[in-house]
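Me: I've got a structure open and want to talk through it with you. Can we start with the annotated site and work outwards from there?

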Amino acid sequence: MAETRAELRAHEIFTTLEYGPVPESYACATAWLDTQDRCLGHYVNGKWLKPVHGDIVPWWDPISGEKLATCLQAQKEDVAAAVEAARNSFLSWSKLPGAARAQHLTRLAKMIQKHQRLLWTLESLATGRAIREVRDGDVPLAQQLLQFHAVQAYTQEEALAGWEPVGENPDPCTSPRLLRDTVCWISPLMNSLFLAGVVGLILPPKFSFLEMMWRICPALAMGCTVVALVPLASPTPLLLAQLAGELGSFPGIINVISGPASLGPALASWPGVQKVAFCGAIEEGRALRRTLAGEGAELGLALGTESLLLLTDSADVDSAVEGVVDAAWSDRSPGGLRLLVQESVWDETMKRLQVRMGRLRGGQEVDGAVDMGVKEPTAYILARNYVEEARKQGAQVFQASEMPSVSPFCPPTLITGLPPASPCAQAEVPWPLVMASAFRTAKEALAIVNGTPRGGSASVWSERLGLALELGYGLQMGTVWINAHGLRDPAVPTGGCKESGSSWHGGLDGLYEYLRPSGTPARVPFLCENLNYDTFGLAVPPALPAGPEMGPSPAPPYGLFVGGRFQAPGSRSSRPIQDSSGNLHGYVAEGGAKDVRDAVEAAHQAAPGWAGQSPGARAALLWALAAALERRVPTLASRLERQGVELKAAKAEVELSIQRLRTWGAQAQAQGHTLQVAGLRGPVLRLREPLGVLAIVCPDELPLLAFVSLLAPALAHGNTVVLVPSGTCPLLALEVCQDMATLFPAGLVNVVTGNRDHLTRCLALHQDIQALWYFGSAQGSQFVEWASAGNLKPVWVNRGCPRAWDQEAEGAGPELALRAARTKALWLPMGD
Amino acid sequence: MAAHTRGTELELSWISKVQVNQPAVLRRAQQIQARRTVKKEWQAAWLLKAVTFIDLTTLSGDDTFSNIQRLCYKAKYPIREDLLKALNMHDKGITTAAVCVYPARVCDAVKALKAAGCDIPVASVATGFPAGQTHLKTRLEEIRLAVEDGASEIDVVIDRSLVLTGQWEALYDEIRQFRKACGEAHLKTILATGELGSLTNVYKASMIAMMAGSDFIKTSTGKETVNATFPVAIVMLRAIRDFFWKTGNKVGFKPAGGIRTAKDSLAWLSLIKEELGDEWLKPELFRIGASSLLTDIERQIYHHVTGRYAAYHDLPMS
């Protein structure tokens with residue numbers, strides 16, 4: 001009887017030629033769940049951890065409604081156990097030669113290869129992503145990632161000499177950072193606590209296990225160990241940890257605990273966690289940034305899921321439409337897409353897009369012939385709410401009709417007619433929505449895109465080389481694909497800027513996330529519990545005359561150096577500066593919020609011109625400044641002498657400062673490089689682009705050398721600078737400004753003097769500063785970290801620790817170069 | 001047979017702004033093979049459907065009446081009767097779409113088909129196949145003779161030099177003349193895409209061929225080094241769709257050369273379904289030029305019905 005039906009069906013299919021179900025068996029996934037007694041715990045130190053204390057949450061299959069397993073929620077005790085395991089394994093793992101780590105990673109890659117079917121069915125089942133995408137995309141990439149990073153581990157000692165995994169703690173007594181007779185405030189007792197290089201990884205719901213691979217591979221390769229906090233019902237990371245654990249030798253290098261998002265801050269601030277990699281929603285990232293201010297661990301954020309596609313009238317529209325499918329409707333990315341279409345090809349694009357949408361197939365994720373699987377209900381609700389809201393605001397909504405009506409399934413959706421000013425258009429576009437809007441010219445497109453706070457990834461579609469490169473270089477994004485979308489490779493750094501967070505994975509940049517220059521102290525909490533963020537640096541104590549004025553004639557007060565000239569401060573008051581013997585050395589301007597505002601504006605005006613200069617021109621200007629300073633050596637040295645520096649040492653400091661300018665000038669030439677990627681014909685350019693306006697708060701010590709050491713790399717990399725000089729002796733910086741006034745374009749460097757805490761507050765809270773380097777007190781550092789959550793600018797703080805500016809590694813090392821520019825990967829596929 | 005699509009005036013503006021991005025098309029071609037698949041009875045039904053699209057072809061120097069006759073009988077009985085019965089498909093009249101031979105063998109084919117008692121059309125290649133490097137006059141005469149002999153479908157090759165040197169008007173005029181010479185016979189224009197140099201040229205040549213009144217555009221002769229590939233097909237299908245949107249005329253598509261396995265044929269069917277839609281999945285608008293493909297399809301059907309893999313001697317040869 002059954003056979004007859006089948007025959008009848010063949011008869012019918014012959015006429016309709018419809019697609020049929022192509023169910024992939026997920027028996028191995030359920031068999032694996034059975035080995036866990038259908039109860040998912042945590043995998044710590046090579047063992048399953050199934051504590052009874054936690055809440056138990058069921059995991060439902062969204063389509064069948066069947067209960068697949070129960071999940072145990074982690075508690076703080078589990079975090080403690082996981083971090084402890086990771087710290088213990090770090091001791092042996094980080095001491096291994098790179099070659100041995102490489103071998104271990106290769107073995108893990110083989111392990112994944114052996115169990116790939118289990119991996120892809122489990123992942124597809126858990127995330128609702130189409131099995132084809134996981135099988136053909138993610139699993140091979142996971143293996144490539146391991147292999148790529150095995151090679152990186154193998155060459156680490158040679159290629160990354162001078163860097164070490166985050167976490168190693170040098171003996172504080174021999175550390176070169178103890179430059180002057182400053183005493184490190186960390187007690188020996190605390191030091192013993194932080195002998196660990198543990199990376200805490202926090203992953204959001206609906207993530208792919210690849211997000212974890214992108215981060216654990218470089219961490220492990222460089223010698224760190226990992227504790228990953230994954231949401232409930234994410235069995236794949238647990239399976240990966242199990243596969244790694246079953247390799248035997250280093251069970252504790254990957255530990256996975258599954259728990260609620262609220263456990264994130266607890267893991268991030270756990271003693272021993274040196275680095276936190278967070279990927280997830282923007283607001284959660286912001287909150288974590290605030291929570292972790294002063295906690296010690298370095299925070300790498302990768303936020304948001306939205307992507308962008310820019311379609312010009314010189315594009316191959318059909319291929320661009322496929323790009324939209326790749327970006328939004330093929331289960332490759334967890335987010336939605338913002339689509340910008342040139343007005344002249346708008347109608348054509350919309351027509352093709354809608355026809356293409358009609359051919360997409362959705363359904364059960366373990367079906368071999370669907371484009372989109374069924375996601376968990378929250379994603380569906382998010383999308384539905386967005387669509388409803390967009391409709392209310394006057395948008396047109398187009399949805400492909402022939403999609404399964406099984407709840408919760410959101411069909412591919414195209415939203416048009418929402419101008420940038422409508423509230424909906426400003427929110428992040430969720431999966432599986434595409435929000436299309438029109439632009440008229442390439443310049444306008446750049447303005448629209450760069451006018452949003454997002455800076456993740458974008459693709460540009462144009463067959464005109466000049467236009468494509470103009471847009472590719474002009475977009476403020478971490479990744480730009482030309483005539484392609486969503487390509488990935490382990491060798492290519494992927495990251496972002498602005499609110500997309502500024503952490504990197506993949507390539508060399510991904511490795512640096514888990515490294516720090518040798519000799520840098522371990523990151524320890526510098527938390528000041530009673531720091532009031534609302535009042536820190538808010539009020540400026542009044543500056544009173546501090547006479548008597550010495551010297552033949554009264555020293556004129558220096559102004560603020562803003563926009564290429566000295567100006568009087570808005571407060572119209574001055575600040576006395578004392579020399580080492582307590583006498584009045586001079587007066588400097590008392591800058592305030594309005595002066596910072598003006599300085600930032602001046603810097604922004606100068607930014608395009610300076611960024612557009614060739615490296616050669618930048619080098620020439622730095623060398624010109626060096627030459628000018630040479631003429632000023634006696635003046636500068638005598639200023640230093642008045643600050644209590646011996647003449648010989650003062651001269652040496654000036655000489656070294658001049659040398660720094662020359663060195664960075666020379667290095668300005670060496671920027672970026674080209675990558676060759678498997679499976680892609682054509683290059684991927686790794687560009688090093690200026691950050692924009694960089695604010696620098698210089699340390700009090702070494703008023704000239706530190707100032708120059710920070711300023712020179714910033715300028716060499718094409719940034720414009722707003723700078724707060726040393727508080728104890730800002731006069732040297734202002735002295736240098738006199739030369740900059742004649743040599744530099746207006747606004748390139750702006751120096752604001754005044755109360756450091758107050759100026760720091762103004763800079764840290766400024767939304768239009770792209771990065772901030774702070775060298776000052778622990779409280780200041782903590783405030784800067786807290787305040788940077790506003791526009792998520794990358795910050796570099798010294799946590800109250802002094803830095804050896806006169807040493808090559810800390811004063812002129814590659815760390816400065818790394819922080820002075822941001823990376824962009826520009827993909828240029830070729831072919832005809 | 002559907003009414004002829006008689007083409008349009010030459011509209012060079014339709015091809016002047018064309019942009020085809022080769023790497024992007026290659027990626028799409030890779031995806032399309034991985035993203036759609038059919039199994040079980042769907043596969044069997046699709047394979048049988050594929051049989052009805054086949055232009056069963058023999059284009060060899062050593063063709064004689066006897067192997068043409070074998071070919072024609074295979075065209076009439078492409079799948080073993082008992083296998084069709086098992087699928088309850090024996091009453092569907094499943095034959096291949098046409099047989100395709102050299103002009104000199106058209107008479108043989110017509111005769112053999114008549115003897116077999118079936119009205120499958122005979123297609124003939126013409127116009128100096130496969131290189132097209134003969135005088136226009138002889139090429140036109142070749143068409144007329146083949147039509148006279150009873151060929152109702154003519155597969156012409158274009159002069160590639162006209163494409164490579166950008167002589168679009170000349171190409172249009174030439175195909176126009178082929179069209180005229182065909183009379184009532186269907187015109188399938190072979191673009192020999194392996195020799196056109198770029199995908200943009202493939203698009204332009206497709207457009208010109210359709211404007212000049214081709215009923216089908218065909219990828220290749222099967223004699224070039226590069227034959228029917230997915231990237232080329234995607235570009236041609238997009239041209240067909242654009243032409244349909246502009247004029248309302250549906251032009252057919254025929255990939256030929258290198259399609260040998262049942263799996264390949266399924267991929268081609270889903271390619272058409274994805275790029276053009278179901279209305280193109282009929283013999284009037286889609287053909288597959290192939291010779292050994294049929295055998296592999298029959299083997300797959302055998303396996304579907306019996307659950308066993310067939311030996312070569314289990315299935316009659318063509």
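Me: Which residues does UniProt list for "active site"?
Reply: Keep in mind that this is a predicted model. The UniProt entry is an unreviewed one, and annotations of this kind may be inferred rather than shown by experiment. Under "active site" that entry lists Lys218(B) and Lys254(B).

Me: Why can those two be said to gather at one spot?
Reply: In sequence they span 37 residues. In space, though, no two of their C-alpha atoms are more than 4.5 Å apart, so they gather at one spot. The value that settles it is that C-alpha limit of 4.5 Å.

Me: Which strand holds Lys218(B), and which one holds Lys254(B)?
Reply: Lys218(B) belongs to the strand covering residues 216-218 of chain B, which is β6. Lys254(B) belongs to the strand covering residues 252-254 of chain B. That second strand is β7.

Me: Is Lys254(B) buried or exposed?
Reply: The cut-off for buried is under 20% relative accessible area. Lys218(B) has 3%, so it falls on the buried side. Lys254(B) has a relative accessibility of 0%, so the label is again buried.

Me: What does Lys218(B) contact, leaving aside its neighbours within four places in sequence?
Reply: Its contacts include Thr189(B), Ile190(B), Leu191(B) and Ala192(B). Met236(B) and Ala256(B) are also in contact with Lys218(B). The remaining names are Asp155(B) and Lys254(B).

Me: Which side chain joins that of Lys254(B) in a polar contact of 2.9 Å?
Reply: Lys254(B) touches a set of residues that includes Asp55(B), Lys188(B), Arg287(B) and Asp155(B). For a polar contact, the N or O atoms have to be within 3.5 Å. The side chain that joins Lys254(B) at 2.9 Å is that of Asp155(B).

Me: Moving on to the chain pair, how much area is buried between chain A and chain B?
Reply: Interface size is often expressed as the accessible area lost when the parts come together. Here the contact takes 49 residues from chain A and 44 residues from chain B. Carbon and sulfur atoms give 53% of the buried area, and the total is about 4,100 Å².

Me: Which residues in chain A lose the most area to chain B?
Reply: Three residues together make up 21% of what that side buries. They are Phe14(A), Leu17(A) and Tyr19(A).

Me: How many salt bridges does the rule find across the interface of chain A and chain B?
Reply: A salt bridge here needs a side-chain nitrogen of Lys or Arg within 4 Å of a carboxyl oxygen of Asp or Glu. Arg35(B) and Asp326(A) qualify, with their closest N and O atoms 3.8 Å apart. Across the interface of chain A and chain B, the count is six.

Me: Which helix gives the most to the side of chain A that touches chain B?
Reply: Four helices of chain A, α1, α6, α13 and α14, each supply at least two residues of that side. The one that gives the most contributes nine residues, and that is α1(A).

Me: By class, how many charged residues does that side of chain A have?
Reply: The side of chain A that touches chain B has 19 nonpolar and 10 polar residues. Its charged residues number 20.

Me: How far apart are the closest N and O atoms of Lys375(A) and Asp331(A)?
Reply: These two form a salt bridge, one that links distant parts of the chain, 44 residues apart. Both Lys375(A) and Asp331(A) are buried. The closest N and O atoms are 2.7 Å apart.

Me: Where do Glu275(B) and Arg238(B) lie?
Reply: Their side chains meet in a salt bridge at 3.7 Å, N to O. The pair ties together parts that are 37 residues apart in sequence, because Glu275(B) lies in helix α12 of chain B and Arg238(B) in helix α11 of chain B.

Me: Last one: how far apart in space are Leu527(A) and Ala293(A)?
Reply: Leu527(A) is in the loop between β19 and β20 of chain A, and at 32% relative accessibility it counts as partly exposed. Ala293(A) is among its contacts, along with Gly294(A), Glu295(A) and Gln782(A). Leu527(A) and Ala293(A) are 234 residues apart in sequence, while their C-alpha to C-alpha distance is 7.4 Å.

Methods
Residues numbered from 1 in each chain as written. Chains lettered and ligands numbered in written order. Predicted model: local features only at pLDDT ≥ 70, side-chain atom pairs only at ≥ 80, totals over all residues. Heavy atoms only, no water. Buried < 20%, exposed > 50% of the residue type's maximum accessible area, 1.4 Å probe, protein only. Contact = heavy atoms within 4.5 Å. Polar contact = N/O pair within 3.5 Å; in protein donor to acceptor, adjacent residues only side chain to side chain. Buried area = accessible area lost by both parts, 1.4 Å probe. Nonpolar A, V, L, I, M, F, W, Y, C, P; charged D, E, K, R; others polar.
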